[in-house]
Amino acid sequence: MAEIDDISVAAIILGGGKGTRLYPLTKERSKPAVPFGGRYRIVDIPISNCINSGYKKIYLVTQFNSASLHLHISNSYNFDRFSGGFVEILAAEQTLEHSGWYEGTADAVRKNFIHFKSQKPTHYIILSGDQLYRMDLRKFMEQHLQSKADITIAATAVNRKDASGFGIMKIDAKRRISEFLEKPAKDMNIDDWKIPVNTRGDLPPEKEYLASMGIYIFNAPVMEELLNNNTYTDFGKEIIPLAIKSKQINSYIFNGYWEDIGTIESFYNATLALTDINPPFNFYDEKGPIYTRMRNLPPSKLNEAELKNTMAAEGCVITRAKINHSVIGIRSVIESGSELEGVITMGSDFYESYFEKQEKIKKGIPLMGIGKNCKIAKTIIDKNSAIGNNCRINVDGNKYEDGDHGLFFVSDGIVVIRKGVIIPDGTVI
């Protein structure tokens, strides 16, 4: 059996597709590039898990709206020349062998083997670019090596209701996977798929089924064999069910916090959960920091402001505002008399200069940020937006159908103010 220090690991982070469920946050950026937690991007989570686990050869595979992601990665992850580490973006490209887009998760990996093989990896770790969790990938790898498996799938326990949204696995007493079922129908009887008693450990009793997290370890020769001998395009739907027939596939049961933040509602709830006294995802861990771009911004300035259960990133200026249960992004400006409840602001990419402000004031155009005497609730405000004075957003009981409403978008009762939008003074939404 290979020792963990004798292996070479290539980490592959899958950037996902068009991100339609996170629209309009993905209108001009890919899912991994969506701002999160005031100062981070979603992609910082899996990259940081890799770095903290000692795996620093990281590839990020993407094809949609990748410019913002490229800029973030190039400004954030520069390893020193002696570490051998890197974070490299692999966008879809035309070659003599293939000319199309990535057609799925497995297809994206297959088309980039030429890049991966240059590192001579013994193992591949496949990660998703839009999940919120902390995992010691080294422990994941240790179990994989000890079990002598060809493939190990990270799994989380779920209840029957949630099981219909995942790939469900049937395992034996040694955690070996014997069957894999992609998103079983809600009325389907899957009692035979319950987690064996002797493998449950301290899992919650109501969570009886094992769901794939979309996180895999492959022995390198096994993955190359599986992908090169067919045209299947998806790991969960095709490659894993195929591999079960001929390979030893084990499960790694992860009992920590894990959240798929691929929808507006899940993104909103996961972000605001960061403001809890004991948040399920903790950024304040010195042993496992979440890395991101170093911006050298000044500390946030609070001028007689009242903040409760709120996170405020660096570079903000908040004046005589009342803010509760909210996450305030970098360089956010919030003027006096405004009240925010359950609001996520993604902040701004730059400060407006004195002259820019004066020109806008002359023309009656709202300045970037949130103006005076605004009341805003249950809202996501994307970057570089300007909300005028005396605006009311999602506080008057107005009901909107889910979808596009011009200056804003609605999903599950959450209002999303688009990136760079100007909301005139006195607007009521």
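## Exercises on a predicted model

**Exercise 1.** In this predicted model, find which residues Met 141 is in contact with, leaving aside its neighbours within four places in sequence, and then place Met 141 in its helix and in its core.

*Solution.* Begin with the contacts: once neighbours within four places in sequence are set aside, Met 141 is in contact with Ile 4, Ile 7, Val 9, Tyr 55, His 123, Ile 125 and Ile 217. Turn next to the core, where Met 141 is listed with Ile 47, Ile 73 and Met 135 as the residues that touch the most other members of the largest nonpolar core, a set of 41 residues. The largest share of this core, 5 residues, comes from S11. Another core, of 40 residues, lies apart from it and includes Val 109, Leu 203, Tyr 216 and Ala 220.

**Exercise 2.** Work out which residues of helix H5 are buried, and why they line one face of the helix.

*Solution.* First, list the buried residues of H5, which runs over residues 137–147: they are Leu 137, Phe 140, Met 141, His 144 and Leu 145. Second, look down the axis of H5, where these buried residues fall within an arc of 130°, and therefore they line one face of the helix. Third, ask what they pack against: the partners are the strands S1 (9–14), S6 (123–128), S8 (151–158), S11 (209–219) and S12 (249–253), together with helix H1 (44–52). Finally, inspect both ends of the helix. At the N-terminal end Asp 136 acts as a cap, with a side-chain oxygen 3.0 Å from the backbone nitrogen of Arg 138, while Lys 148, just after H5, takes a positive phi of about 60°.

**Exercise 3.** Decide whether Tyr 133 is buried or exposed, and name the residues that Tyr 133 touches beyond four places in sequence.

*Solution.* Tyr 133 belongs to strand S7, residues 131–133. Its relative accessibility is 0%, so Tyr 133 counts as buried, the cut-off being under 20%. Not counting residues up to four places away in sequence, Tyr 133 touches Ile 45, Pro 46, Asn 49, Leu 127, Ile 215, Phe 254, Tyr 257, Trp 258 and Phe 281.

**Exercise 4.** Judge how compact the protein is for its 429 residues.

*Solution.* The protein, which has 10 helices and 27 strands, has a radius of gyration of 23 Å, close to the 22 Å of the globule rule for 429 residues, so the protein is as compact as a globular protein of that length. Its C-alpha trace spans about 70 × 50 × 40 Å along the principal axes, and 53% of the residues count as buried.

Notes:
Residues numbered from 1 in each chain as written. Predicted model: local features only at pLDDT ≥ 70, side-chain atom pairs only at ≥ 80, totals over all residues. Heavy atoms only, no water. Buried < 20%, exposed > 50% of the residue type's maximum accessible area, 1.4 Å probe, protein only. Helix = DSSP H or I, 4+ residues; strand = E, 2+ residues; numbered from the N terminus. Arc of directions from axis to C-beta. Contact = heavy atoms within 4.5 Å. Polar contact = N/O pair within 3.5 Å; in protein donor to acceptor, adjacent residues only side chain to side chain. Rg over C-alpha atoms; globule rule 2.2 N^0.38 Å. Core = buried A, V, L, I, M, F, W, Y, C linked by side-chain atoms within 4.5 Å.
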